[in-house]
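Work through the exercises below with the model open. Each task is followed by a solution in steps.

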Amino acid sequence: MTEKPFIKTVERHFLERKGRNPHATTEFCWLLSGITLATKIIASQIQRAGLLEIVGETGKVNVQGEEVQKLDVIANDTLVRCLGYRGNIGLLVSEEDEEPHVIQDATAAGKYTVLFDPLDGSSNINANVNIGTIFSILQHDPNAGGDIMAHVLQPGSKQVAAGYVIYGSSTVLAYTAGYGVHMFTLDPSIGAFVLAQENVRMPTLGKTYSVNEANSRQFPSGVQKYLDWVKTEEAGYSSRYIGSLVADFHRTLMRGGVFLYPPTKKAPSGKLRLLYEANPLAFVAEQAGGMASDGQQRILDKKPKAMHERTPLIIGSRDEVDRVLYFMKG
Ligand code: P6P
């Protein structure tokens with residue numbers, strides 16, 4: 001009888017790249033375990049949200065001008081605490097906080113910056129819709145010295161690793177470190193993320209488009225032309241839109257298709273944030289064979305100008321994103 005392989009955790013999977021990936025070190029795995037620990041705690045809070053009086057708004061508004069949910073604060077505090085003592089982290093950047101958390105001097109042991117949206121889609125919590133944590137990891141820029149923003153405002157192509165955790169019927173962590181996309185399912189019986197699927201590939205085609213149609217009259221004309229075409233009978237597409245980026249992206253990654261959040265009058269630069277939403281998901285998408293653009297350029301090539309800057313996002317199967325870009329150039 002063949003022996004059942006022992007479980008493989010995120011940290012063990014990452015360390016297998018030792019010798020091929022310069023970041024595949026035990027100290028980096030200690031950083032990764034800060035993310036896995038924090039997201040396990042967040043998952044446990046979300047599973048019991050209705051019982052713990054932690055659903056609903058805090059009555060505060062964050063730097064994005066959005067109502068802060070109680071679980072946003074819990075998720076943010078959990079990530080800051082779990083990552084704050086990891087020794088090799090210099091800076092933490094959160095969607096919830098206007099300024100970076102300086103954990104230690106960036107020129108000292110603090111080699112990495114971790115950027116995250118602690119609980120994306122949190123406004124859906126009371127509807128029991130899948131929500132998620134999105135994370136991005138940058139290495140400090142050796143030429144930036146003590147210039148904090150220089151370490152933070154790096155293009156997405158510089159990411160060392162990135163991924164997300166989706167809290168749904170099961171809790172799944174997907175990550176890439178530039179060597180494919182790998183997925184881990186949280187096994188509550190042992191409290192560990194266990195390898196479920198290696199080298200996930202996004203289908204090159206997918207007859208699903210995902211966009212908030214209510215905004216369609218505000219979209220650029222090329223996007224409107226695409227939406228007119230995609231609704232034709234011969235095109236044969238379905239529309240799916242959950243309104244929770246991690247959930248819409250995860251479905252696109254697994255089944256193919258395209259997700260769009262184009263510019264609108266209310267959000268002329270798009271609604272989604274470049275550093276800790278578009279960049280990490282674009283890294284995952286590309287590593288799975290997909291594509292991510294802002295309509296003009298590759299997301300990962302964009303040079304950030306501000307920590308919380310927003311970007312239009314067209315992400316998904318290569319041929320589907322190409323088709324949207326074709327209509328936009330038309
Ligand atoms: P809209 C959630 O608030 C979020 O930031 C993303 O998770 C989601 O994709 C988007 O906003 C939905 O925005 O304008 O369609 O409600």
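The exercises treat the surroundings of the ligand and then the largest cavity. The model is predicted: local features need pLDDT of at least 70, side-chain atom pairs count only at pLDDT 80 or more, and totals for chains, interfaces and linings use all residues. Residues are numbered from 1 along each chain as its sequence is written, and side-chain values use heavy atoms, with hydrogens and water left out.

**Exercise 1.** List the residues around the ligand and sort them by class.

Step 1. A residue counts if one of its heavy atoms lies within 4 Å of the ligand. This gives Asp120, Gly121, Asn212, Tyr241, Gly243, Ser244, Leu245, Phe259, Tyr261 and Lys271.

Step 2. Ala, Val, Leu, Ile, Met, Phe, Trp, Tyr, Cys and Pro count as nonpolar, Asp, Glu, Lys and Arg as charged, and the others, Gly among them, as polar. The shell then holds four nonpolar, four polar and two charged residues.

**Exercise 2.** Find side-chain polar contacts (pairs of N or O atoms within 3.5 Å) made by oxygen atoms of the ligand with Asp120, Asn212 and Tyr241.

Step 1. For Asp120, the distance from a side-chain N or O atom to a ligand oxygen is 2.6 Å.

Step 2. For Asn212, a polar side-chain atom is 2.9 Å from a ligand oxygen.

Step 3. For Tyr241, the side-chain N or O atom and a ligand oxygen are 2.5 Å apart.

**Exercise 3.** Which residues line the largest cavity?

Step 1. Lining residues have an atom within 4 Å of a point of a 1 Å grid where a 1.4 Å probe fits but cannot get out.

Step 2. The lining consists of His13, Arg17, Tyr175, Ala177, Tyr179, Gly180 and His182.

Step 3. By class, three are nonpolar, three polar and one charged.

Definitions and conventions: Polar contact = N/O pair within 3.5 Å; in protein donor to acceptor, adjacent residues only side chain to side chain. 1 Å grid on protein atoms, 1.4 Å probe; cavity = no way out; pocket = protein on both sides within 12 Å on 5 of 7 lines; lining within 4 Å.
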